[in-house]
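Please take me through this model in the viewer, one selection at a time. Start with a single side chain and its partners, then zoom out to the whole chain.

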Amino acid sequence: MSETLQTTDVAASDADLLAQTAIAVREAGSALRERFGEVVRHQTREELMRALAANDDTALDILRPRLTRLRPDAGWVEDELDGGALPPGEWWVVDPAEGNVNHLHALPEWAVTATLVRENQPVLTAVHLPLTGETYTALTGAGAHLDGRPLHVSRTADLGLSIVATSQARPDEDEKVVRRVGSSITAMLFDALVVRAAVPATLHLLNVAAGRIDAFWQFAGARADLLPGALLVTEAGGRISDAEGRPWTPQSQSFLAAAPGVHAEAVSTLSR
């Protein structure tokens, strides 16, 4: 039997909202899965951008009306690449095809995400991986879960025994950020056991929350890249900061999510 999204009263609890949000991202993921399978080649950047937009629109045509019905007064972040603080109130921060370029190249690392932000704090998030059927959820104060099973970050206490990860700078990123990414990877290659570098950020953060990898860092980055994973990692018992160990906000210029036992070592490595 297919899932049916029911109209939810604005006063519904956050737990109810999360359950309905999870249904919405799964339905959007199903639509994207139908478009997945063959490598799509493009001759120009403009062709690539049109293909990326077509995937986004496919998912947004499902997500926007369903999430708007859940919280009619919540704002909507139009550009998943935006960063910085949001205006006061509630906002839906959505990445309709996180890892979109992977989808177009028939790679499996992509997802659909939706996060409700209240007064610049993520309060609930749902991340769906259509190819595996997995749905990761987190609710402030109620923990992080994978298909209902609680998630816990790693207990590793030695960066030298850790698998760590980062994501690539965007193609149009500032040269200083690109060079900082490169130098941070070099530093981690000396200090960590294994370093993974790939997009998208959200999938690395899922793995931190699930205890599969021990730390993830990124310089700059958009709200939609980081807010879902930040909530998942926090609710799974991890630590979130900027790369210097200061409290992280969407306005920060860097981001670090780590198991508590390796957070300080990761900050030290990234600060070199």
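Select H128 and E134 in this predicted model. The side chain of H128 comes to 3.0 Å from the backbone oxygen of E134. Add T135 to the selection: its side chain and that of H128 form a polar contact of 2.9 Å.

Next, show the backbone around H128. The residue belongs to strand β4, which runs over residues 121-129.

Now switch on a surface. Is H128 buried or exposed? Its relative accessible area is 4%, so H128 counts as buried, the cut-off being under 20%.

To see what packs around H128, leave out residues up to four places away in sequence and select those that touch it. They are V25, R26 and G29, then A111 and V112, and finally G133, E134 and T135. E134 and T135 are thus listed here as well as in the polar pairs above.

Zoom out and colour by secondary structure. The protein chain holds twelve strands and seven helices. Its radius of gyration is 18 Å, close to the 19 Å that the globule rule gives for 272 residues, so the chain is as compact as a globular protein of that length. Along the principal axes, the C-alpha trace spans about 50 × 50 × 35 Å.

Colour by burial next: 52% of the 272 residues are buried. On a contact map, 64% of the contacts with a separation of 6 or more are between residues 24 or more positions apart.

Finish with the outside. The exposed area is about 12,500 Å², with 52% of it supplied by carbon and sulfur atoms. Selecting charged side chains gives 36 negative and 23 positive, and the centres of the two sets are 3 Å apart.

How values were computed
Residues numbered from 1 in each chain as written. Predicted model: local features only at pLDDT ≥ 70, side-chain atom pairs only at ≥ 80, totals over all residues. Heavy atoms only, no water. Helix = DSSP H or I, 4+ residues; strand = E, 2+ residues; numbered from the N terminus. Rg over C-alpha atoms; globule rule 2.2 N^0.38 Å. Buried < 20%, exposed > 50% of the residue type's maximum accessible area, 1.4 Å probe, protein only. Contact = heavy atoms within 4.5 Å. Areas by Shrake-Rupley, 256 points an atom, 1.4 Å probe, with all protein chains shown as cover. Lys, Arg positive; Asp, Glu negative; His and termini not counted. Charge placed at Lys NZ, Arg CZ, Asp CG, Glu CD. Polar contact = N/O pair within 3.5 Å; in protein donor to acceptor, adjacent residues only side chain to side chain.
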